[in-house]
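This briefing is meant for a reader who is meeting the structure for the first time. Please look over the sequence and the model below before going on to the notes.

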Amino acid sequence: MDQVIERVLLTEVEIQKKVEELGAQISADYEGKDLLVVGILKGALVFMADLIRAIQIPVTIDFMAVSSYGQGATSSGAVRILKDLDRAVEDRHILIVEDIVDTGLTLNYLLDNLRSRGAASVKVCTILDKPNRRTIPIEPDYNGFVIPDEFVVGYGLDYAEKYRHFPYVAILKREVYER
Ligand code: PRP
Ligand code: MN
Ligand code: MG
């Protein structure tokens with residue numbers, strides 16, 4: 001167990017089981033449709049890689065990189081596009097893939113942004129949801145786990161760009177982000 005971890009919140013096995021369920025549900029819902037899965041870098045990297053392999057219909061993928069947190073532990077409030085989609089999305093069915101919905105700020109920005117480009121539909125799949133933290137009333141269409149308001153890392157989630165590679169989701173020790 002890593003020194004910075006208070007405790008594991010979601011194990012690798014629990015996460016994989018949930019990803020399979022989400023993949024099956026998405027496959028059923030988008031059967032016969034032209035689905036574009038958009039991963040939001042960097043946090044969604046790990047979940048995206050697992051989710052697309054659990055989806056049993058043809059998909060294409062693209063990525064956007066946005067950042068709102070910078071180096072700190074709390075949101076600065078500003079969303080920046082660091083990398084845009086490679087192609088136009090007019091008339092495409094878009095599924096945004098996120099690692100976590102926290103305040104809802106990032107997602108709200110992305111939904112507005114992608115809908116304004118004339119997508120046929122825009123939905124959201126996140127592996128983690130912290131509804132207690134929401135400042136904008138917005139809900140993911142597909143969610144893996146509702147989690148408490150603890151500082152979590154791993155499975156793509158970082159603290160100051162670290163710990164994304166942990167295969168589980170864990171609560172970070174207070175002393176790590178308060179020092
Ligand atoms: C994190 C996370 C989500 C967003 C959620 O990204 O990956 O994208 O914040 O927070 P919100 O609901 O309050 O907007 P971050 O900006 O830290 O960038 P990263 O994915 O590169 O870590
Ligand atoms: Mn992110
Ligand atoms: Mg981050």
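The notes that follow cover the sheets, one helix, the nonpolar core and one strand residue. The model is a predicted one. It contains an open sheet of six strands with mixed pairing and an open sheet of three strands with antiparallel pairing.

**The six-strand sheet**

- The strands of this open sheet follow the order β4-β3-β2-β5-β6-β7, and their pairing is mixed.
- At the edges of the sheet stand β4, residues 80–83, and β7, residues 142–146, each of which pairs on one side only.
- On average, and with direction ignored, neighbouring strands of this sheet are turned by 30° against each other.
- Strand β3, which covers residues 59–67, runs antiparallel to β4 and is joined to it by three bridges, and Ser 67 stands opposite Arg 80 in β4.

**Helix α1**

- Helix α1, made of residues 12–29, packs on the six-strand sheet, where it touches β5 (93–101), β6 (121–129) and β7, and its direction makes about 160° with that of β7.
- The 18 residues of α1 should span 26 Å at 1.5 Å a residue, and this agrees with its end C-alpha atoms, which are 26 Å apart.
- Ile 15, Val 19, Leu 22, Gly 23 and Ile 26 are the buried residues named in α1; seen down the helix axis, the buried residues fall within an arc of 105°, so they line one face of the helix.
- Val 13, Lys 17 and Ala 28, on the other side of α1, are exposed.
- The partners against which the buried residues of α1 pack are β1, α2 (45–54), β5, β6, β7 and β9.

**The three-strand sheet**

- This open sheet has the order β1-β9-β8 with antiparallel pairing, and its edge strands, β1 (5–10) and β8 (152–153), each pair on one side only.
- Four bridges join β1 to the antiparallel strand β9, residues 169–172; across this pairing Arg 7 stands opposite Ile 171, while Ile 5 stands opposite Leu 172.
- Two bridges join β8 to β9, and these strands also run antiparallel, with Val 153 standing opposite Ala 170 in β9.

**The nonpolar core**

- As a general background, nonpolar side chains tend to be buried together in soluble globular proteins.
- In this model the largest nonpolar core has 40 residues, and those with the most contacts inside it are Phe 47, Leu 51, Leu 95, Ile 96, Val 97, Tyr 155 and Val 169.
- The elements that give two or more residues to this core are α1, β2 (35–41), α2, β5, α3 (105–115), β6, β8 and β9, and the largest share, six residues, comes from β5.
- Leaving aside residues up to four places away in sequence, Leu 95 touches Ile 26, Leu 35, Val 37, Val 38, Lys 123 and Cys 125.

**Lys 123**

- Lys 123 lies in strand β6 and counts as partly exposed because it has 17 C-beta neighbours inside 10 Å.
- When residues up to four places away in sequence are not counted, Lys 123 touches Leu 95 and Asp 141.
- Lys 123 and Ile 100 are 23 residues apart along the chain, and their C-alpha atoms are separated by 14 Å.

Notes
Residues are numbered from 1 along each chain as its sequence is written. Chains are lettered from A and ligands numbered from 1 in the order in which they are written. This is a predicted model: local features need pLDDT of at least 70, side-chain atom pairs count only at pLDDT 80 or more; totals for chains, interfaces and linings use all residues. Two strands pair if DSSP finds at least two bridges between them. Axes are lines fitted to C-alpha atoms, for helices over the stretch in contact, and angles run from 0 to 180 degrees between N-to-C directions. Two residues are in contact if their C-beta atoms, placed from the backbone, lie within 7 Å. The expected span of a helix is 1.5 Å times one less than its number of residues. A residue is buried if 20 or more other C-beta atoms lie within 10 Å of its own, exposed if 12 or fewer, and partly exposed in between; C-beta atoms are placed from the backbone. The arc is that of the directions from the helix axis to the C-beta atoms. A nonpolar core is a set of buried Ala, Val, Leu, Ile, Met, Phe, Trp, Tyr and Cys residues joined through C-beta atoms within 7 Å.
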